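Q: Hi! I have a protein model open and would like to walk through it with someone. Could you help me out?

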Amino acid sequence: MTTTQDNVLLRVKGLVKYFPVKKGVLRRTVGWVKAVDHVDLFIPQGETLGLVGESGCGKTTCSRTILRLIEPTAGEVWFRSKILKQTVNVVKVNRRQMKLLRREMQIIFQDPYSSLNPRMTVGSIVGEPLIVHRVARGQEMRKRVASLLEAVGLKPEHMRRYPHEFSGGQRQRIGIARALALEPQLVVCDEPVSALDVSIQAQVLNLLEDLQKNFGLTYLFVAHDLSVVKHISDRVAVMYLGVIVELAETETLFTHPLHPYTEALLSAVPVPDPDYQADRILLQGDVPSPVNPPKGCRFHPRCSYAKEICSQEIPALVDYGGEHYAACHFATSLSLRGVKVA
């Protein structure tokens, strides 16, 4: 799909989120955790962008900052709103406008156990957004909740039950129904299947794909399982230590990676084929601290291709053709390998 200004639903420019490090009796700020550091990305209407990387790289912080569940330190988040009838910078809107935008931007949380209030019935959990935003009440609300439960594969009679009466997969379906209650345009899926059994993962992924087609949804899909990302995503953004290092269409990224970190991630994906001999790339050392990230390219201390320039200059995220972006000084000269992923 060719991206144009008209079909881009969300565009993030220079997004930054730093958390203060405080010490001493007076709790003085002595440093900053650079969780998200000048992130640029975009998502066209109706597509799924997978956001991948190691644990602690800033994926969840980035997604929640986009929704302003966490206030950004700097940057811009441009969203094409139907309710406000214009493209707005989410970072700059006032409280009233932000409440309206909440109807169009929703999230599915990772843990289907802690994300549901155990003291509320399923009907109350799914219907609460309708009440808060004054969309529906009473009998009309109950009808809409019943319809939402059926859409995610549950039954209307489940409205009277409590979360502890459901399995993990069913709880995640309840969370999905809650996210869809206000008919959003954008849904952030924060590792929605990582806490589920493998057999249930496939059911939830297929459900998300069906809902996307039926409701015209756009997904930001945060995950660390690359086989899941390949299955559901149209495009993939690779994140390392708070920055995007590569962004491309899924098939292109898996077969022709341009960044050494992407190559290393792909080499670690297990393949259910006993005859396939994986050529694993073992990265040296640990992930540097986000409090004091390396100068230049943040990946250079662990990169086998690194040269002197990598430790001195920060590589820009450059389009190398076909909307395949990479932040590497030697992106076109390295001979990187793709990977076979089931």
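What follows is a chat about the sheet, some helices, a few backbone angles and a cavity.

A: Happy to! Keep in mind as we go that this is a predicted model.

Q: Got it. Let's start with the sheet: how many strands does it have, and in what order?

A: The open sheet has eight strands, in the order 6-7-8-3-9-10-12-11. The pairing in this sheet is mixed.

Q: Which strands stand at the edges?

A: Strand 6 (105-108) and strand 11 (318-319). Each has a single partner strand, so one side of each is left without a neighbour in the sheet.

Q: What does "pairing" involve, in general?

A: Strands of a sheet pair through backbone hydrogen bonds, and they can do this either parallel or antiparallel.

Q: OK, so which way do strand 6 and strand 7 run?

A: They run parallel, with four bridges joining strand 6 to strand 7 (residues 186-190). To find the place in your viewer, look for Ile-108, which stands opposite Cys-189 in strand 7.

Q: Which helix lies across those two strands?

A: Helix 5 (residues 168-180) lies across strand 6 and strand 7. The helix runs at about 175 degrees to strand 6. Helix 6 (residues 198-215) packs on the sheet as well, touching strand 3 (48-52), strand 6 and strand 8 (218-222). The direction of helix 6 makes about 155 degrees with that of strand 8.

Q: Now strand 10. Is it largely enclosed or left open?

A: Largely enclosed by the rest of the structure, because six of the seven residues of strand 10 (residues 243-249) are buried.

Q: What does strand 10 pair with?

A: Strand 9 (residues 235-240) pairs with strand 10 in the antiparallel sense, over six bridges. Strand 12 (residues 325-326) also pairs with strand 10 in the antiparallel sense, over two bridges. Glu-246 is a good residue to click on: its bridge partner is Val-238 on one hand, and Ala-326 in strand 12 on the other.

Q: And how many residues sit between strand 9 and strand 10?

A: Two residues, and the strands form a hairpin. Leu-241 is in the turn, with a positive phi of about 50 degrees.

Q: Why would a positive phi get a mention?

A: Because most residues other than glycine have a negative phi.

Q: Where else does that turn up?

A: His-38 has a positive phi of about 60 degrees, although it is not a glycine. You'll find His-38 in strand 2 (residues 28-44). Arg-134 has a positive phi too, near 55 degrees, and its place is in the loop between helix 3 (122-132) and helix 4 (138-151).

Q: Are those two residues buried or exposed?

A: His-38 is exposed, with a relative accessible area of 53%. Arg-134 also counts as exposed, at 72% relative accessibility. The cut-off for "exposed" is over 50%.

Q: Back to helices. Is helix 1 mostly covered or mostly open?

A: Mostly covered: six of the eight residues in helix 1 (residues 59-66) are buried. Among them are Lys-59, Cys-62 and Ile-66. Helix 1 is followed by Arg-68, another residue whose phi is positive, near 60 degrees.

Q: Which residues of helix 3 are buried?

A: They include Val-122, Ile-125, Val-126, Pro-129 and Leu-130. What covers the buried residues of helix 3 includes helix 4 and helix 5.

Q: How far is Pro-129 from Thr-87?

A: In sequence they are 42 residues apart, and in space 24 Å, C-alpha to C-alpha. Thr-87 lies in strand 5 (residues 86-89) and is partly exposed, with a relative accessible area of 42%. Leaving aside neighbours within four places in sequence, Thr-87 is in contact with Trp-78, Phe-79 and Arg-80.

Q: Last topic: how many cavities of 30 Å³ or more are there?

A: The count comes to one. About 70 Å³ of space lies in the largest cavity.

Q: What lines it?

A: The largest cavity is lined by 13 residues, and Pro-260, Cys-297, Cys-303, Cys-310 and Cys-328 lie nearest its centre. By class, the lining has 10 nonpolar, three polar and no charged residues.

Q: Great, thanks for the tour!

Definitions and conventions:
Residues numbered from 1 in each chain as written. Predicted model: local features only at pLDDT ≥ 70, side-chain atom pairs only at ≥ 80, totals over all residues. Heavy atoms only, no water. 1 Å grid on protein atoms, 1.4 Å probe; cavity = no way out; pocket = protein on both sides within 12 Å on 5 of 7 lines; lining within 4 Å. Points joined across faces, edges and corners; volume = space filled by probe spheres on them. Nonpolar A, V, L, I, M, F, W, Y, C, P; charged D, E, K, R; others polar. Buried < 20%, exposed > 50% of the residue type's maximum accessible area, 1.4 Å probe, protein only. Pairing = 2+ DSSP bridges. Contact = heavy atoms within 4.5 Å. Axes fitted to C-alpha atoms, helices over the stretch in contact; angles between N-to-C directions.
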